[in-house]
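Me: I have a model open and would like to learn how to read its features one at a time. Could you give me the general idea each time, and then the case at hand?

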Amino acid sequence: MPHVTFVHGIGNKPAPDELLDQWRIALFDDDGLDLDAMGVTSSMVYWADMLYAQPAAAFTAHESTLGPDDAAEFEVQDPGWICELPDDEREFVERLGREVGVATVEPVPGECETLVLPDTELEAIPLPPAMKKRLMQVFLRDVHHFLYDASFTPRPGETFRIRSDIRERALKALQEGDSQPGPHVVVGHSLGSVIAYDALTAINDAPRVDALLTVGSPLGISEVQDGLTPPWTRNDGWPARCLGDGRWTNVYDPLDPVCGLLDRQIAGDFLHAGQRKVADVGVSNTGSWRHSIGKYLGQPRLRDFLRQVLE
């Protein structure tokens, strides 16, 4: 029996079972991929509860249009955490902000002035300034807390080491998929693609998988790459121990700001013994908000890849 391990991305999410259902439905909509009919089981590496006090409501848009009234998962973040960082970590956040088109992440009294750099894709995306501000606050915080294994308390009495505890959940999900006859495919969206790569390269007990699909991924951003577990190098960045000679496809939209301004294609950064093996696939999502997992899962080329590796 084939199995898909999904890994969600930045921002708050609905409860785990609801989120998994949303992903499966998004794959099936409009004569798409019916995992039930194919006999494909699935699981979700869920980590939103480590950074958010309670799940987002199931009926909110969840990365669909990101209009002024339907961006529940991009809750306004207190920018004060930036001021408390050591100098090197604060410099990292500032460099990462510039990579995705943010002029400054400096907090000022009362709010965080997230100024969009002119003549960048982030400026061109037709979202209200407040939405861009929320997006960047969430992206910078979530990426920082994962890469630096920050300690965070989303609710009284519960504290997580973000990267360490996500790895534990990822290993459990990968082992669940490995218990099926296969094939086993890992699908990571947004920061979830970084989590998926981290699991396949840094967890000693991680099982082998047959294919990897990264979607709307920031893996091409140099600051993110600097946080990957050694011995990652561009010349040999392929996750050979777990993926072997399996397939890795990276699906991106050129107007997806989370992929970075010039870093959507990653094949040149994750070579296998000096050879390109990642298949970069460009798509065009609809609307103003191109990072939506629902829109990506509706793309025929993404669905074709999953169909090929699951059948």
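Me: Is Gly216 buried or exposed, and how should I read its relative accessible area?

Reply: In this predicted model, the relative accessible area of Gly216 is 0%, and because buried means under 20%, Gly216 counts as buried. As to its place in the fold, Gly216 lies in the loop between strand 10 (211-215) and helix 8 (222-226).

Me: Which residues is Gly216 in contact with, leaving aside its neighbours within four places in sequence?

Reply: Contacts of this kind show which parts of the chain meet in space. Gly216 is in contact with Ser190, Val251, Asp256, Val258, Cys259, His291 and Tyr296, once the neighbours within four places in sequence are left aside. One of these partners, Cys259, is itself buried, at 0% relative accessibility. For a distance rather than a contact, take Gly216 and Phe270, which are 54 residues apart in sequence and 16 Å apart in space, C-alpha to C-alpha.

Me: How many disulfides does the structure hold?

Reply: The structure holds zero disulfides. As for the accessibility of another cysteine, Cys242 counts as buried, with a relative accessibility of 1%.

Me: What is the order of the strands in the open sheet?

Reply: A sheet is read by following its strands from one edge to the other. Here the open sheet has six strands in the order 2-1-9-10-11-12, with parallel pairing. Strand 2 (41-45) and strand 12 (279-282) stand at the edges, and because each has a single partner strand, one side of each is left without a neighbour in the sheet. On average, and with direction ignored, neighbouring strands of this sheet are turned by 20 degrees against each other.

Me: Which residues stand opposite each other or form bridge partners along this sheet?

Reply: It helps to go pair by pair. Strand 1 (residues 3-7) pairs with strand 2 in the parallel sense over five bridges, and Thr5 stands opposite Ser43 in strand 2. Strand 9 and strand 10 also pair in the parallel sense, over five bridges, and the bridge partner of His189 in strand 10 is Val215. Strand 10 in turn pairs with strand 11 over five bridges, in the parallel sense, where Val215 stands opposite Val251. Strand 11 and strand 12 pair in the parallel sense over four bridges, with Gly282 in strand 12 as the bridge partner of Tyr252.

Me: What covers the faces of such a sheet, and how many residues of strand 10 are buried?

Reply: In a regular strand the side chains alternate between the two faces of the sheet. In strand 10, five of its five residues are buried, with Ala211, Leu213 and Val215 on one side and Leu212 and Thr214 on the other. In strand 11, five of its six residues are buried. As for the helices, helix 6 (residues 162-178) lies across strand 1, strand 2 and strand 9 (184-189), running at about 175 degrees to strand 2. Helix 11 (residues 300-310) packs on the sheet and touches strand 1, strand 9, strand 10, strand 11 (247-252) and strand 12, its direction making about 165 degrees with that of strand 10.

Me: At what angle do the axes of helix 3 and helix 5 cross?

Reply: The axes of helix 3 (residues 87-99) and helix 5 (residues 129-147) come within 10 Å and cross at roughly 135 degrees, which means that helix 3 is oblique to helix 5. The crossing is right-handed. The contact is made by Glu89, Phe92, Val93, Leu96 and Gly97 of helix 3 together with Phe139, Leu140, Val143, His144 and Leu147 of helix 5.

Methods: Residues are numbered from 1 along each chain as its sequence is written. This is a predicted model: local features need pLDDT of at least 70, side-chain atom pairs count only at pLDDT 80 or more; totals for chains, interfaces and linings use all residues. Side-chain values use heavy atoms; hydrogens and water are left out. Helices (H or I, at least four residues) and strands (E, at least two) are DSSP runs, numbered from the N terminus. Buried means under 20% relative accessible area, exposed over 50%, partly exposed in between (1.4 Å probe, protein chains only). Contact means heavy atoms within 4.5 Å. Two strands pair if DSSP finds at least two bridges between them. Axes are lines fitted to C-alpha atoms, for helices over the stretch in contact, and angles run from 0 to 180 degrees between N-to-C directions. A disulfide is a pair of cysteine sulfur atoms within 2.5 Å. Angles under 35 degrees count as roughly parallel, over 145 as roughly antiparallel, 65 to 115 as roughly perpendicular and the rest as oblique. A crossing is left-handed if the near helix is turned anticlockwise from the far one by less than a right angle, and right-handed if clockwise.
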